[in-house]
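Trainee: Let's take a close look at a single part of this model, and please keep solvent exposure in view as you go. After that, show me what else deserves a look.

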Amino acid sequence: MNDVESTSERSEKGLLKSSGVVSAMTLLSRVLGLVRDMVIANFFGAGAGADAFFLAFRIPNFFRRLFGEGAFSQAFVPVLSEYQTKRSEADVRTLISRVSGTLGANLLLLTVIGVAGAPFIIGLFAVGYVYTGETEKLQLATEMLRLTFPYVFLICMTAFAGATLNSFGRFAAPAFTPVLLNASLILCAIYLSPHLKNPVTALAWGVLIAGVAQLTFQLPFLAQEKLLVKPKVDFKDEGVKKVLILMMPVLFGVSVGQINLLLDTVLASFLETGSISWLYYSDRLLELPLSLFGITIATVILPSLSRQQAENSAEFSKTLNWALRMVCLMGIPASVALVVLSDSLITTLFYQGEMTERDVRMASYSLSAYGIGLLGHMMVKVLAPGYFSRQDTSTPVRYGIIALVSNMILNLLLIWHLKHAGLALATSLSAFLNAGLLWFGLKKSGVLQPGVGWPGLVVQIAVASTAMVGFLVVALPPPSEWLIMAFWTRFAIMLAICLGGAAVYAICLVLVGVRFKEMIR
């Protein structure tokens, strides 16, 4: 029994250490991402040019999350982990060679189609522009999509390299890679845009340059692990077929949230100019805690869950419970903070240059609506690997369809009165529905057994979060004063408020009896 407990402790401490590494790299990326968005807001605001770029970038970014970070990773990592456990090193290298070649060939074909069909694709996802006859917006978005669509091939191959490195315990390099995108966009916005006829197209060039840099950055790390093998197209390979079979339904199941965001963009194109930008800026602030906690934890548990399932380990349920505890511990206060600080956060980061006071107010509405659903999004991220690691892809698809249909119905109900904020709220509510279905499915199948102490932990988190909210409300200056402050004054005060709120939350958790050492056992 002691040996089992010791193994469990070592495993979870290893997961915590890996989570810490990924969180540190992700924090660097997200902080630079906020700087990137501040630069974009300063130079381009929330006008027609910004709307066109966010539309042109969201389409390849959707495919990135669909093929790269979404379906492919969830299908490939369990198969690769199985090969690591049961096959020879030569078989592992062969799998990597065949999968990289087959994936690359398909992505290259998709990229050619995307570039050639850019006008049709833009018309499809910006129906509102077509309906209202906004020709200039359509032309600008089409021009930028031709530059950004090759990012699909580049970043998905980067995601393949990252998934391979993660399976071999190398988490830092893949987690650092997004920094290159942010740096490229910042530099292009500042230094390239003044030299172009239409300055906003510099952002599209920044995306293309970043894709090349990100893929190139991963290659030396693969070489260090002796995994930089020559790609070969082979649809008949046993491992390739297994990945493709698992990948097809996952394409939908794991990416429901991204499909919802894309549908939000389609509907937002019918709303007033600025709506797409308001949703973008608020979604970026949602992505910060989601990436730091939800995606980070999901990234590090997938290889472990896959190995534990392959070995029929009893640690499978413990790993999922550990992930859910961490998500609740971090996600609940982050969600509350986003809602309470929505207006102040948007003002602090984006109220400068071309960004108007009305833009700030409108973006804060959608941030509040997105913030409500943060915990739901995080739970989806950590629960989905519970299915994919067992190579069960059909169940999440069923749940995903239910969530997607519900999201569309909620979109149509809420958009009339809440406009763009209604689209954000619909996304949040559907995320909770999806998470609830995933949780009940795992519990019903018997692979997830809720551990002891959950009711007490929820009460402790609620008490600490309430204390944190009290501090935030008292510490925040009045909105009228906030708007007239200089940027660096606002930034310093907001940073102090956020750190103070985090400290109050942590201290209250200790006072109500949460023992952090026990949280990882």
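Mentor: Let's fix the words before we look: a residue is exposed when its relative accessible area is over 50%, buried when that area is under 20%, and partly exposed in between. Keep in mind, too, that this is a predicted model.

With that cut-off, start at Lys 226, which sits in the loop between α10 (201–224) and α11 (238–253). Its relative accessible area is 60%, so Lys 226 is exposed. The backbone is the odd bit here: Lys 226 isn't a glycine, yet its phi is positive, at about 60 degrees.

There's another lysine to set beside it. Lys 419 also isn't a glycine and has a positive phi, this one about 55 degrees. Its setting is helix α18 (residues 394–445), whereas Lys 226 is in a loop. Lys 419 has a relative accessible area of 43%, so it counts as partly exposed.

For the other end of the scale, go to Thr 102 in helix α3 (residues 89–116). A relative accessible area of just 2% makes Thr 102 buried. Its side chain reaches back to the backbone oxygen of Arg 98, at 2.8 Å. Leaving out residues up to four places away in sequence, Thr 102 touches Lys 232, Val 233, Asp 234, Phe 235 and Val 240. Several of those, including Lys 232 and Val 233, fall in the stretch between α10 and α11, where we met Lys 226.

Now the rings, where exposure makes a nice contrast. The structure holds 15 aromatic pairs. In one of them, Phe 53 and Phe 57, the ring centres are 5.7 Å apart and the planes meet at 10 degrees, so the two are stacked. Both belong to helix α2 (residues 48–86), 4 residues apart, or about one turn, and both are buried. They aren't on their own, either: ring pairs tie them into a cluster with Phe 54, Tyr 151, Tyr 280, Tyr 281 and Phe 350.

Put that next to Trp 488 and Phe 491. The centre-to-centre distance is again 5.7 Å, but the planes are 80 degrees apart, and this pair is edge-to-face. These two are 3 residues apart, about one turn, in helix α21 (residues 487–511). Trp 488 has a relative accessible area of 63%, so it is exposed, while Phe 491, at 30%, is partly exposed. One more ring is worth a glance: the charged end of Arg 87 sits over the ring of Tyr 83, 4.4 Å from the ring centre.

Helix α21 leads us to the last stop, the largest pocket. Its space comes to about 1,000 Å³. There are 35 lining residues, and Leu 288, Leu 292, Leu 345, Cys 498 and Leu 499 are the ones nearest the centre. Elements that give two or more residues to the lining are α1 (2–44), α13 (275–310), α14 (315–340), α15 (342–350), α19 (454–475) and α21. The largest share is from α21, with 12 residues. That's the helix that also carries the Trp 488 and Phe 491 pair.

How values were computed
Residues numbered from 1 in each chain as written. Predicted model: local features only at pLDDT ≥ 70, side-chain atom pairs only at ≥ 80, totals over all residues. Heavy atoms only, no water. Phe/Tyr/Trp six-rings, centres within 6.5 Å; stacked < 30°, edge-to-face > 60°. Buried < 20%, exposed > 50% of the residue type's maximum accessible area, 1.4 Å probe, protein only. Lys NZ or Arg CZ within 6 Å of the ring centre and 35° of its normal. Polar contact = N/O pair within 3.5 Å; in protein donor to acceptor, adjacent residues only side chain to side chain. Contact = heavy atoms within 4.5 Å. 1 Å grid on protein atoms, 1.4 Å probe; cavity = no way out; pocket = protein on both sides within 12 Å on 5 of 7 lines; lining within 4 Å. Points joined across faces, edges and corners; volume = space filled by probe spheres on them.
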